[in-house]
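Work through the exercises below with the model open. Try each task before you read its solution.

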Amino acid sequence: MFQRFRRTRLNKHLRSLVRETQVNVEDFIYPLFIRSGKGIKTEVASMPGVFQMSIDEILKECEVLKELGIYSILLFGIPDTKDSIGSDALCEHGIIASSIRAIKAVHPDMFIVTDLCFCEYTDHGHCGIIDETRETVNNDATLEISGEQALIHAKAGADMIAPSGMMDGIIETLREALDKAGYENLPIMAYSTKFASGYYGPFRDVAESSPSFGDRASYQMDPANRREAISESVSDELQGADILMVKPALAYLDLVREIKDATSLPMAVYNVSGEYAMLKHAGNANLIDYDRVVMETMVAFKRAGANIIISYHAKEVAKMLKSTK
């Protein structure tokens with residue numbers, strides 16, 4: 001009588017060969033937070049192991065990342081001065097543009113993705129220009145300066161633009177601006193399905209970007225809206241996005257799968273600060289087997305359909321993967 005393989009009969013090598021979902025170090029993009037100055041490496045209390053760093057420290061960090069096999073980074077800037085329109089983000093000598101040039105000069109093989117938004121640069125902490133009459137973001141005015149920001153990133157040497165502000169029409173606006181300036185081959189990773197989530201709390205500590213009034217629900221998505229979430233990603237594909245994203249990741253894996261099945265583009269997930277902090281603090285309190293739960297979470301992202309994982313766990317995962325070889 002024919003008998004199927006019992007799982008207990010599979011040795012370690014064979015289990016790896018037949019495993020349906022594989023996590024690889026090449027799947028990851030590692031977020032970095034940059035501020036001006038020198039010799040700055042300040043750990044964020046709510047996110048152990050995550051730091052605000054000056055450019056010189058970022059250059060050292062890139063060396064560490066490459067030794068682990070991580071060659072893709074996502075840059076967030078923390079300017080010295082903030083104002084109502086986020087002027088530092090519109091300056092060719094601003095923190096992000098300066099960082100891109102510095103990294104490319106020392107590490108030309110690093111793939112640099114830039115966060116394109118204004119919340120880190122505005123004194124009110126919102127993602128664009130405020131419409132004072134309604135105390136919300138002026139979508140069209142923000143689109144105009146978003147195009148300017150994209151060109152600054154492109155000229156500095158960014159390898160991919162990732163607009164996180166969720167303005168209506170942002171992908172079409174950026175694609176037109178980049179194409180017109182000769183950057184038609186510069187890809188855009190859309191924050192296409194980004195929810196107004198409670199999981200972002202620790203990020204606002206590290207990026208110093210908490211809104212000074214209200215919230216971002218007027219331009220981020222209601223976590224309850226499944227069909228709208230799919231529609232937003234489909235719309236960004238039609239506008240010219242090259243990669244789609246679901247953010248946060250862990251509580252929205254149903255939508256990662258549905259969007260993956262509904263579109264033809266690669267999928268990214270952002271394993272956000274609150275998700276990271278929960279596991280980190282639970283591990284530090286010996287409440288979970290930290291390494292095991294982290295890897296199980298990464299497998300879940302891939303199994304749901306993610307091609308790319310943006311995660312603060314990336315360095316740890318790279319070490320785990322090396323140790324299993």
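**Exercise 1. Backbone outliers**

Where is Asn286 found? Describe its backbone and its exposure, then look for other unusual backbone spots.

Solution.
- Step 1. Asn286 sits in the loop between α9 and α10. Helices are DSSP runs of H or I with at least four residues, strands are runs of E with at least two, and both are numbered from the N terminus.
- Step 2. This is a predicted model, in which local features need pLDDT of at least 70, side-chain atom pairs count only at pLDDT 80 or more, and totals for chains, interfaces and linings use all residues. Residues are numbered from 1 along each chain as its sequence is written, and side-chain values use heavy atoms, with hydrogens and water left out.
- Step 3. Read the phi of Asn286: it is positive, about 60°, although the residue is not a glycine.
- Step 4. Most residues other than glycine have a negative phi, and most peptide bonds are trans.
- Step 5. Asn286 is exposed, at a relative accessible area of 69%. The classes are buried (under 20% relative accessible area), exposed (over 50%) and partly exposed (in between), with a 1.4 Å probe and protein chains only.
- Step 6. Check the bond between Lys247 and Pro248: it is cis, with omega about -5°. Pro248 lies in the loop between β10 and α8.

**Exercise 2. Helix α7**

Which residues of α7 are buried? Establish the helix geometry first, then find the packing partners.

Solution.
- Step 1. Helix α7 covers residues 226–239, 14 residues in all. From first C-alpha to last it reaches 20 Å, close to the 20 Å expected at 1.5 Å a residue. The expected span is 1.5 Å times one less than the number of residues.
- Step 2. The buried set is Ala229, Ile230, Ser233, Asp236 and Gln239.
- Step 3. These buried residues pack against α5 (170–180), β9 (193–194), β10 (244–247) and α8 (253–262). Contact means heavy atoms within 4.5 Å.
- Step 4. Just past the helix, Gly240 has a positive phi of about 120°.

**Exercise 3. Salt bridges**

How many salt bridges does the structure hold? Place three of them in the fold.

Solution.
- Step 1. The count is 10. A salt bridge puts a side-chain nitrogen of Lys or Arg within 4 Å of a carboxyl oxygen of Asp or Glu.
- Step 2. Take Lys66 and Asp109: their closest N and O atoms are 3.0 Å apart. Lys66 is in helix α2 (residues 55–68) and Asp109 in the loop between α3 (95–106) and β5 (111–116), so the bridge ties together parts 43 residues apart in sequence. Lys66 is buried at 15% relative accessible area, while Asp109 is partly exposed at 40%.
- Step 3. Take Asp242 and Arg175: the closest N and O atoms are 3.6 Å apart. Asp242 is in the loop between α7 and β10, Arg175 is in helix α5, and the two are 67 residues apart. Asp242 is partly exposed at 31%; Arg175 is buried at 11%.
- Step 4. Extend that pair. Arg175, Asp179 and Asp242 are linked in a network of salt bridges.
- Step 5. Take Lys280 and Glu316: N to O is 2.3 Å. Lys280 belongs to helix α9 (residues 273–284) and Glu316 to helix α11, 36 residues apart. Lys280 and Glu316 are both buried.

**Exercise 4. The α10 and α11 pair**

At what angle do α10 and α11 pack? Classify the angle and list the contact.

Solution.
- Step 1. Helix α10 (residues 290–304) and helix α11 (residues 314–323) pack at about 100°, with axes 11 Å apart. Axes are lines fitted to C-alpha atoms, for helices over the stretch in contact, and angles run from 0 to 180 degrees between N-to-C directions.
- Step 2. The two helices are therefore roughly perpendicular, a class that spans 65 to 115 degrees.
- Step 3. From α10 come Tyr290, Asp291, Val294, Met295 and Met298; from α11 come Glu316, Val317, Met320 and Leu321.
- Step 4. The contact residues divide into 7 nonpolar, no polar and 2 charged. Nonpolar covers Ala, Val, Leu, Ile, Met, Phe, Trp, Tyr, Cys and Pro; charged covers Asp, Glu, Lys and Arg; polar covers the others, Gly among them.

**Exercise 5. Whole chain**

What share of the residues in the chain is buried? Add the element counts and the contact range.

Solution.
- Step 1. Buried residues make up 54% of the 325 residues.
- Step 2. The chain has 11 helices and 12 strands.
- Step 3. Of contacts between residues at least 6 apart in sequence, 74% join residues at least 24 apart.

Definitions and conventions
Angles under 35 degrees count as roughly parallel, over 145 as roughly antiparallel, 65 to 115 as roughly perpendicular and the rest as oblique.
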